[in-house]
Amino acid sequence: AAAAAAAVKAVAFLGDEGVRLASGSSDRCIRIWDTKTGDCCHTLTAHAAKVWAIASDGTGDFLVSGDASGVVRVWGGRLKSSSSSTPRESLSSMQTPTRMKTSSSTKTKGATVAATAAAAAAESGIVSLRHSFHDRAVYSLAIPGQGRKQCYVSGGYDKYLRLVDVRSSKVISSLKGHKGLISSVTFDQTGNLIVSGSADCSVRLWDALSGTCTRTIGSNLGEISSVSISGNNVYVLSSSKDNSLRLWDVRRTGCCVRRYTGSQNTWKNFIKSCFGPGDDVIVSGSEDGCVYMWDRESGQLIQRLNAVHDDIVYDVKWNNAAGLLATCSHDGTVRTFEDDDGSLTQQ
């Protein structure tokens, strides 16, 4: 029960430079970490339910988080600062990798820490807005790339995608089409295309401006747990609960050009995947506590980080500028790995 309460469901780099990393967990907290030192810079506690999703923009000045009650929090202010007023949770600095772990005091004194951290966040200049545009859990969030207007898209149990304007706190459009819960959503690099994945075993492509579905990609053999899009907007990567990932070429009417196997993804979890270094590598979490990496073109497994976590690896995020991979797990930890001439090594 204690391990489940501390499960870290999602991670996101705060900004393109990769200096700060945000995580969302089942203890209802958002934590912001320094990727070089492993220190927790801020603990944000406004959520009243477990945090399922988190996303940031290219500047790192804008962060959104979604929880099991359907609430989305929009965070702004001094997110990337190192506030001395924020409780700095002690992290055991392991040799490798950097182990960013919720301290035992946070687990046992939740109410006290929450009240203290909330006050500290306010003192540090971090502000948040509360949005309630879903009546059930929000499982995924995405923000367009740097330079776009402030907005985000959210998806979850109610089968709707909500495109929300942050400045006005109003829904721009509600995208309906999926027949099952929406587990994952992302924008392309232009911010004009939205890609979503669902428990209905389909991937949908949406025009962000008109809110219309332009294409539905089917033939997946399991519920979709993750979608992402390559930097050149050519490939869509999907993970499904049949122990496989698929690469789709959006130029060829959604043709599946590659399938990747080896990782475990069959349970009631949302196992995420992403494009790695240079978009030439495919990276995925797994239910066996390992992280898997394949060559995008050949489909061959090129590296497996064995037992990097003690439990399910939920989310993986790659940062090009810093050459870092971030992972998070049901074991309550966040870890980072460095790119070392094409292979990932524990930081």
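**Exercise 1. Locate Arg73 in this predicted model and describe its surroundings.**

Solution.
Step 1, position: strand S7, which spans residues 72-77, contains Arg73.
Step 2, accessibility: the relative accessible area of Arg73 is 14%. Because buried means under 20%, Arg73 counts as buried.
Step 3, contacts: when neighbours within four places in sequence are set aside, Arg73 is in contact with Ala46, His47, Leu63, Val64, Ser65, Ser128, Leu129 and Arg130.
Step 4, polar partner: one of these residues, Ser128, makes a polar contact with Arg73 from side chain to side chain, at 3.3 Å.
Step 5, separation in sequence and in space: Arg73 and Val127 lie 54 residues apart along the chain, and their C-alpha atoms are 9.8 Å apart.

**Exercise 2. Determine the strand order, pairing and edges of the open sheet that contains S19.**

Solution.
Step 1, order: the four strands follow the order S18-S19-S20-S21, and their pairing is antiparallel.
Step 2, edges: strand S18 (224-229) and S21 are the edge strands, each pairing on one side only.
Step 3, twist: with direction ignored, neighbouring strands of this sheet are turned by 20 degrees against each other on average.
Step 4, bridges: S18 is joined to S19 by five bridges, and strand S19 (residues 235-240) is joined to strand S20 (residues 244-249) by six.
Step 5, register: Ser239 stands opposite Ser226 of S18, while its bridge partner in S20 is Leu245.
Step 6, hairpins: five residues lie between the strands in the hairpin of S18 and S19, where Asn233 takes a positive phi near 65 degrees. In the hairpin of S19 and S20 three residues lie between the strands, and Asn243 takes a positive phi near 65 degrees.

**Exercise 3. Establish whether the residues of S19 are buried or exposed, face by face.**

Solution.
Step 1, principle: in a regular strand, side chains alternate between the two faces of the sheet.
Step 2, one face: Tyr235, Leu237 and Ser239 are all buried.
Step 3, the other face: Val236, Ser238 and Ser240 are likewise buried.
Step 4, conclusion: six of the six residues of S19 are buried, so this strand is largely enclosed by the rest of the structure.

**Exercise 4. Characterise the site of Asn265.**

Solution.
Step 1, position: Asn265 is placed in the loop between strand S21 (255-261) and strand S22 (273-275).
Step 2, accessibility: Asn265 has 3% relative accessibility and therefore counts as buried.
Step 3, contacts: beyond four places in sequence, Asn265 is in contact with Ser225, Ser239, Ser240, Lys241, Asp242, Asn243, Ile271 and Glu287.
Step 4, polar partner: the side chains of Asn265 and Ser225 make a polar contact at 3.0 Å.
Step 5, link to the sheet: Ser239 and Ser240, which are among the contacts of Asn265, are also among the buried residues of S19.

**Exercise 5. Describe the open sheet that begins with S14 in strand order.**

Solution.
Step 1, order: four strands are arranged as S14-S15-S16-S17, with antiparallel pairing.
Step 2, edges: strand S14 (182-187) and strand S17 (213-217) each have a single partner strand, so one side of each is left without a neighbour in the sheet.
Step 3, twist: from one strand to the next, the average is 20 degrees.
Step 4, inner pair: five bridges connect strand S15 (residues 193-198) with strand S16 (residues 203-207). Gly197 stands opposite Val203 in S16.

**Exercise 6. Identify the residues with the most contacts inside the largest nonpolar core, and examine Phe13.**

Solution.
Step 1, members: the core has 14 residues, and those with the most contacts inside it are Val11, Phe13, Leu21, Tyr314, Ala326, Cys328 and Val334.
Step 2, contributing strands: strand S1 (8-14) and strand S27 (324-329) each supply at least two residues of this core.
Step 3, contacts of Phe13: apart from residues up to four places away, Phe13 touches Gly18, Arg20, Leu21, Thr35, Ser56, Lys317, Trp318, Asn319, Leu324 and Ala326.

**Exercise 7. State the confidence of the model and locate stretches with pLDDT below 50.**

Solution.
Step 1, overall: the chain averages a pLDDT of 86, and 84% of the residues score at least 70.
Step 2, residues 1-5: pLDDT is below 50 here, and this stretch has five contacts in the model beyond near neighbours in sequence.
Step 3, residues 84-114: pLDDT stays under 50, and the model has 74 contacts beyond four places in sequence for this stretch.

Methods. Residues numbered from 1 in each chain as written. Predicted model: local features only at pLDDT ≥ 70, side-chain atom pairs only at ≥ 80, totals over all residues. Heavy atoms only, no water. Core = buried A, V, L, I, M, F, W, Y, C linked by side-chain atoms within 4.5 Å. Buried < 20%, exposed > 50% of the residue type's maximum accessible area, 1.4 Å probe, protein only. Contact = heavy atoms within 4.5 Å. Polar contact = N/O pair within 3.5 Å; in protein donor to acceptor, adjacent residues only side chain to side chain. pLDDT = per-residue confidence, 0-100. Pairing = 2+ DSSP bridges. Axes fitted to C-alpha atoms, helices over the stretch in contact; angles between N-to-C directions.
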